[in-house]
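Here are some short exercises to work through with the model open beside you. Try each task yourself before reading its solution.

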Amino acid sequence: MNLIGEGANATARKRRILFVGESVSLAHVGRPLALLAGLTPDLYELHFACAECYSQFVPKEGVAFHPIFSISPQAFMAALAKGKPIYDSFTLQRYIRDDLELLEQVKPDVVVGDFRISLAISARVSNIPYVNIINAHWSRYASDLRFVIPDHPLVQLFGFRIANFLFSLFRPLAFWLHAGPMNMIRNKYGLTPLHRLQDIY
């Protein structure tokens with residue numbers, strides 16, 4: 001795997017790569033770990049950041065581990081179950097402060113994140129190239145952009161068919177509300193708003 005060229009310039013100094021996994025689920029930590037596993041410490045200086053609760057999965061040899069704050073998996077699942085925004089503006093501001101400290105400490109050539117949505121701001125502010133890992137169905141370029149109602153109290157109340165119909169009617173408003181906290185912080189840093197939740201993710 002070759003994220004950054006391995007030619008003569010790469011031999012002068014190891015390219016420093018920072019991977020960041022948002023610790024709301026093992027999947028968001030596991031995917032950047034899978035990418036990291038394809039790189040060799042002989043060629044790259046490897047760093048990995050996630051919450052302490054997943055630190056046991058980070059290789060002890062050849063990888064520098066950096067503990068960072070993340071909301072808990074329980075808080076993440078509770079927000080999903082209630083259809084609430086996962087992150088409020090206060091939490092995002094804390095994330096960005098922590099991101100900026102981490103980026104200043106590590107000074108990576110590139111940062112690779114999985115669902116650490118604050119990196120879209122902090123990496124740009126730090127002028128560091130940012131690679132985002134995301135499920136393809138969240139892309140605005142996906143061939144099938146239909147969304148089915150997730151596990152939500154409306155399903156128990158009305159049944160799937162009616163609940164999914166109501167979800168399709170109110171989804172644009174719901175996605176806009178979910179994007180609100182992120183856009184509030186983007187505005188603070190002079191960045192243009194993102195009108196689609198897909199673009200934020």
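**Exercise 1.** Decide whether F57 is buried, partly exposed or exposed, and find out which residues F57 is in contact with beyond its neighbours within four places in sequence.

*Solution.* Keep in mind that this is a predicted model.
- Step 1: Locate the residue. F57 is found in the loop that runs between β2 (44-50) and β3 (63-67).
- Step 2: Read its relative accessible area, which is 41%. Buried means under 20% and exposed means over 50%, with partly exposed in between. F57 therefore counts as partly exposed.
- Step 3: Look for partners. Leaving aside neighbours within four places in sequence, F57 is in contact with L26 and L33.
- Step 4: Take one of these pairs. F57 and L26 are 31 residues apart in sequence, while their C-alpha atoms are 9.5 Å apart in space.

**Exercise 2.** F115 and N127 both have a positive phi; work out which is buried and which is exposed.

*Solution.*
- Step 1: Check the backbone angles. F115 has a phi of about 65° although it is not a glycine. N127, also not a glycine, has a phi of about 60°.
- Step 2: Place each residue. F115 is in the loop between β4 (110-114) and α5, and N127 is in the loop between α5 and β5.
- Step 3: Use the cut-offs of under 20% for buried and over 50% for exposed. F115 has a relative accessible area of 7%, so F115 is buried. N127 has a relative accessible area of 70%, so N127 is exposed.

**Exercise 3.** Describe the largest nonpolar core: how many residues does it have, and which helix gives the most to it?

*Solution.*
- Step 1: Count the members. The largest nonpolar core has 20 residues, and those with the most contacts inside it are I71, I86, Y87, F115, I117 and Y201.
- Step 2: Find the elements behind it. At least two residues of this core come from each of α4 (89-106), α7 (160-188) and α8 (197-200). The greatest contributor is α7, with four residues.
- Step 3: Zoom in on I117. Not counting residues up to four places away in sequence, I117 touches Y87, L92, M182, I200 and Y201.
- Step 4: Look elsewhere too. Another core, of 16 residues, lies apart from the largest one, and F19, L33, L36 and V112 are among its members.

**Exercise 4.** Characterise the second largest pocket: what is its volume, and which residues lie nearest its centre?

*Solution.*
- Step 1: Start with the idea behind the search. Rolling a probe the size of a water molecule over the atoms shows where empty space is left.
- Step 2: State the volume, which is about 350 Å³ for the second largest pocket.
- Step 3: Name the lining. There are 18 lining residues, and N132, Q198, D199, I200 and Y201 lie nearest the centre.
- Step 4: Assign elements. Two or more lining residues come from each of α5 (119-125), β5 (130-133) and α8. The largest share, four residues, belongs to α5.
- Step 5: Sort by class. The lining has 11 nonpolar, three polar and four charged residues.

**Exercise 5.** Summarise the whole chain: how many helices and strands are there, and what percentage of the residues is buried?

*Solution.*
- Step 1: Count the elements. The protein chain has eight helices and five strands.
- Step 2: Follow their order along the sequence, which is α-β-α-β-β-α-α-β-α-β-α-α-α.
- Step 3: Check burial. Of the 201 residues, 39% are buried.

Conventions:
Residues numbered from 1 in each chain as written. Predicted model: local features only at pLDDT ≥ 70, side-chain atom pairs only at ≥ 80, totals over all residues. Heavy atoms only, no water. Core = buried A, V, L, I, M, F, W, Y, C linked by side-chain atoms within 4.5 Å. Buried < 20%, exposed > 50% of the residue type's maximum accessible area, 1.4 Å probe, protein only. Contact = heavy atoms within 4.5 Å. 1 Å grid on protein atoms, 1.4 Å probe; cavity = no way out; pocket = protein on both sides within 12 Å on 5 of 7 lines; lining within 4 Å. Points joined across faces, edges and corners; volume = space filled by probe spheres on them. Nonpolar A, V, L, I, M, F, W, Y, C, P; charged D, E, K, R; others polar.
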